[in-house]
Amino acid sequence: MFGLLSSDIGIDLGTANTLVHVSGRGIVVNEPSVVAVDRRNNKVLAIGSEAKRMLGRTPGEVIAIRPMKDGVIADFQLVESLLTKLIKTAQKYPLFFLRPRIVIGVPSGITEVEKRAVLDAARKAGAREVHLVAEPMAAAIGMGIPVEDPSGSMVIDIGGGTSEIAVIALYGIVCDTSVRVGGDEMDEAIISYLKKNYNLLVGESMAEKIKMQIGAAYPLERELEMEVKGRDLVQGIPHTLRISSAEIREALAEPVNAIVEAVRRALEQTPPELSADLMDKGIVMTGGGAQLRGLDELLRRETNLPVNVIDDPMVCVCKGTARILEDMGKYYKVLMDSQR
Ligand code: ADP
Ligand code: MG
């Protein structure tokens with residue numbers, strides 16, 4: 001009965017995408033982590049895809065910002081606006097008498113000041129109880145990994161702004177390596193490759209499209225091609241090119257290698273007992289960037305371990321926050337020290 005009166009909200013505050021799960025209803029928000037702000041009065045005009053549409057084509061006074069872009073909270077006020085809006089949306093049908101309990105997934109490297117800011121923002125937005133959980137832990141729980149097991153599991157979460165590699169055992173993160181390289185860096189690498197090699201200027205969304213359509217980290221059995229539209233930097237006019245996946249692989253080499261290096265470092269830091277576990281269990285990849293073609297194959301070759309990409313990698317963290325809320329008794333140990 002009380003279940004009807006209260007609601008539990010799980011939030012994945014990602015650098016690229018924000019997801020919200022409401023108990024009994026499922027995922028109700030799945031939007032880009034973008035806020036459109038009027039610079040004259042700092043008013044938030046839009047969030048999510050509506051704000052993303054304004055990115056790169058906004059009139060002077062309206063700017064579109066990704067408040068979590070590099071895995072740190074760039075602007076507390078914006079994060080607060082984003083959270084407030086999300087929680088309001090989650091409670092669209094306000095049949096609730098009790099204020100919600102909220103679990104929020106945050107980067108594991110979050111500072112104390114940032115923690116406080118997120119907690120305060122969520123409480124201001126109406127939460128009765130707020131808890132934070134490190135994203136790789138939430139992802140592991142969302143993937144159904146038995147985080148309570150004494151044997152170690154490795155999770156690689158490749159997001160927009162960051163990649164996090166964590167070894168998890170006994171409800172804790174044993175080692176945690178984080179690099180500020182993710183899908184955004186891949187997009188930027190594509191932009192500079194096309195500029196350098198073809199004098200072609202493309203925007204961020206075109207670069208992301210190229211990455212998703214023909215991007216790869218490892219040679220493909222059959223290489224792909226696509227038409228790319230941009231502006232010729234010499235003549236200043238629109239121009240179309242055909243680009244191959246082999247070229248994009250070359251373009252992506254640097255960010256991809258940075259991720260491989262980070263995985264290597266994480267493996268070096270893993271205590272030997274847990275390394276042995278990884279040989280059986282392997283590595284599980286999640287996050288949108290894990291979908292880059294051939295990245296699993298490359299990591300398999302570089303680490304000699306089994307590597308799998310989870311189905312539906314972009315919702316794992318959010319699903320994890322929801323599972324934690326369903327069984328707080330079991331999962332309280334995974335929460336960061338958070339206030340009520
Ligand atoms: P975050 O947790 O940081 O919000 P996500 O897990 O939502 O990030 O992943 C977003 C990133 O995944 C973006 O950089 C996006 O371009 C990338 N991405 C999504 N789909 C694919 C794909 N099919 N291939 C390569 N990258 C992808
Ligand atoms: Mg994420």
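Is Asp-187 buried or exposed? In this predicted model, which I would like to walk through with you starting from that one residue, Asp-187 has a relative accessible area of 8%, and because the cut-off for buried is under 20%, we class Asp-187 as buried.

As for where that puts us in the fold, Asp-187 belongs to helix H6, which covers residues 183-198. If we set aside the neighbours within four places in sequence, the residues in contact with Asp-187 are Ala-207, Glu-208 and Lys-211.

Two of those names come back when we turn to the ligand, since Glu-208 and Lys-211 are listed with Thr-15, Ala-16 and Asn-17 as the closest of the 17 residues that surround ligand 1. Looking at the helices, H6 and helix H7, the latter spanning 204-214, each supply at least two residues of the shell around ligand 1, and it is H7 that gives the most, with three residues.

Now to the polar side of the site. The side chain of Lys-211 places an N or O atom 2.6 Å from an oxygen atom of ligand 1, while a polar backbone atom of Gly-288 is 2.9 Å from a ligand oxygen, and for Gly-289 a backbone N or O atom lies 3.2 Å from an oxygen atom of ligand 1. Taken alone, ligand 1 exposes 580 Å², of which the protein buries 90%.

Finally, on the location of the ligand, ligand 1 sits in the largest pocket, and Lys-211, to come back to our starting point, is in contact with Asp-187 and is also among the closest residues to ligand 1.

Note on methods: Residues numbered from 1 in each chain as written. Chains lettered and ligands numbered in written order. Predicted model: local features only at pLDDT ≥ 70, side-chain atom pairs only at ≥ 80, totals over all residues. Heavy atoms only, no water. Helix = DSSP H or I, 4+ residues; strand = E, 2+ residues; numbered from the N terminus. Buried < 20%, exposed > 50% of the residue type's maximum accessible area, 1.4 Å probe, protein only. Contact = heavy atoms within 4.5 Å. Near = heavy atom within 4 Å. Polar contact = N/O pair within 3.5 Å; in protein donor to acceptor, adjacent residues only side chain to side chain. Areas by Shrake-Rupley, 256 points an atom, 1.4 Å probe, with all protein chains shown as cover. 1 Å grid on protein atoms, 1.4 Å probe; cavity = no way out; pocket = protein on both sides within 12 Å on 5 of 7 lines; lining within 4 Å. Sits in = over half its atoms within 2 Å of the grid points.
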